Amino acid sequence: MTPIVSVRGLTARAGDTVLLDAVDLDLHEGRVTALVGPSGSGKTTAALALLGEAGPGVRLTGRVSADGVTVVDEDGITRAAAGLRGRVVAYMPQHPGSALNPARRTGAVLTELARLHHSASAGTAAVAEALNGAQLPPGRDTERRFPHQFSGGQRQRVALAQTLVCRPRVLVLDEPSTGLDTVTRMRLAGELAELARTGLAILLLSHDHDLVRALADHVVVLHHGRVTASGSPVDALPARREVATARHTPPRR
């Protein structure tokens, strides 16, 4: 199976400090890959590299390709990377509510994003699909609301809808379970598994081992920027108590 995203030997340096050290990673259609590690392990640096982005003073080398386009090579980020954000790879930050514009109605933002990425005829359908995918009821009531009129959990769903309306092939989620209780975390796992069943490739950045066990097909463990383990959640993560799972079957080809 050809991966949508392929990462080989990805290295990130800030001056003399090595943030990532020769990381390998593949993302496949309909599968959830978890990049696991504590804060400062390099998860976000690796995820931003998929978008052709890096923090100030950070230099990337290695090779990253997405949908057949080279995003990073030995000379760093390529010019071609700019056209992939949203269309191929979409990123939802750790605190998604901060990405919402408090002065704009939900429907107006979704419609604008849809028009940027789709034809006028396909835009309306893309908005409805994005709201459904984010487990929000499509229609006037949802689309006319401002971000402050949603609960905290609903704002997370609105931010997710804003990434899905572009119809990306890869969704990167940065610590999506932060601040959620156990029941809500497991509900989130089920919703993300449903998105994967539609064929979306998901990269989950997390230190929440229970969520990773419930959702991921493949795990890559980072420690101080190096891959220390990879494989199934059973093989790559330390044993813990069993949790309810939301594992899914990747779509048939």
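In this predicted model, Gly153 counts as partly exposed, with a relative accessibility of 36%. Gly153 belongs to helix α5, and its C-alpha atom is separated by 8.6 Å from that of Leu180, although the two residues are 27 apart along the chain.

Helix α5, spanning residues 152–164, also takes part in an enclosed space, since α2 and α5 each supply at least two residues of the lining of the largest cavity. Rolling a probe the size of a water molecule over the atoms shows where empty space is left. Searching the whole structure turns up one cavity of 30 Å³ or more, and the volume of the largest cavity is about 40 Å³. Its walls are formed by Leu100, Asn101, Arg104, Thr106, Val109, Pro147, Val158 and Gln162. By class, this lining comprises four nonpolar residues, three polar ones and one charged residue.

Helix α2 itself runs over residues 106–117. Its twelve residues reach 17 Å from the first C-alpha to the last, close to the 16 Å expected at 1.5 Å a residue. Thr106, Gly107, Val109, Leu110 and Ala114 are the buried residues of α2. These residues cover an arc of only 165° around the axis, so they sit on the same side of the helix. The face turned away from that buried side carries Arg115 and Leu116, both exposed. Two of the buried residues named here, Thr106 and Val109, are also found in the lining of the largest cavity.

Leu110 of α2 leads on to helix α3, for it is one of the residues touched by Leu131. Leu131 is located in α3 and is buried, its relative accessible area being 0%. Apart from residues up to four places away in sequence, Leu131 touches Leu110, Leu136, Pro138, Gly139, Thr142, Glu143 and Ala161. A further pairing across the sequence involves Val165: its C-alpha atom and that of Leu131 are separated by 8.1 Å, with their positions 34 residues apart along the chain.

Helix α3, residues 120–133, is also the element that gives the most to the lining of the largest pocket, contributing four residues. The volume of this pocket is about 260 Å³. Lining the pocket are Ala126, Glu129, Ala130, Gly133, Leu164, Arg167, Pro168, Arg169, Leu195, Thr198, Gly199 and Leu200. Six of the lining residues are nonpolar, three are polar and three are charged.

Among the pocket residues, Leu195 comes from helix α6, where it is buried. Helix α6 covers residues 182–197, and its 16 residues reach 23 Å from first C-alpha to last, close to the 22 Å expected at 1.5 Å a residue. The buried residues of α6 are Arg185, Leu188, Ala189, Glu191, Leu192, Ala193, Leu195 and Ala196. Just after α6 comes Gly199, with a positive phi of about 110°; Gly199 is likewise part of the pocket lining.

Elsewhere in the chain, Thr78 offers an example of a buried loop residue. It is placed in the loop between β6 (76–77) and β7 (89–92). With a relative accessible area of 17%, Thr78 falls under the 20% limit and is therefore counted as buried. Setting aside neighbours within four places in sequence, Thr78 is in contact with Thr70, Val71, Val72 and Asp73.

Technical notes:
Residues numbered from 1 in each chain as written. Predicted model: local features only at pLDDT ≥ 70, side-chain atom pairs only at ≥ 80, totals over all residues. Heavy atoms only, no water. Expected span 1.5 Å × (residues − 1). Buried < 20%, exposed > 50% of the residue type's maximum accessible area, 1.4 Å probe, protein only. Contact = heavy atoms within 4.5 Å. Arc of directions from axis to C-beta. 1 Å grid on protein atoms, 1.4 Å probe; cavity = no way out; pocket = protein on both sides within 12 Å on 5 of 7 lines; lining within 4 Å. Points joined across faces, edges and corners; volume = space filled by probe spheres on them. Nonpolar A, V, L, I, M, F, W, Y, C, P; charged D, E, K, R; others polar.
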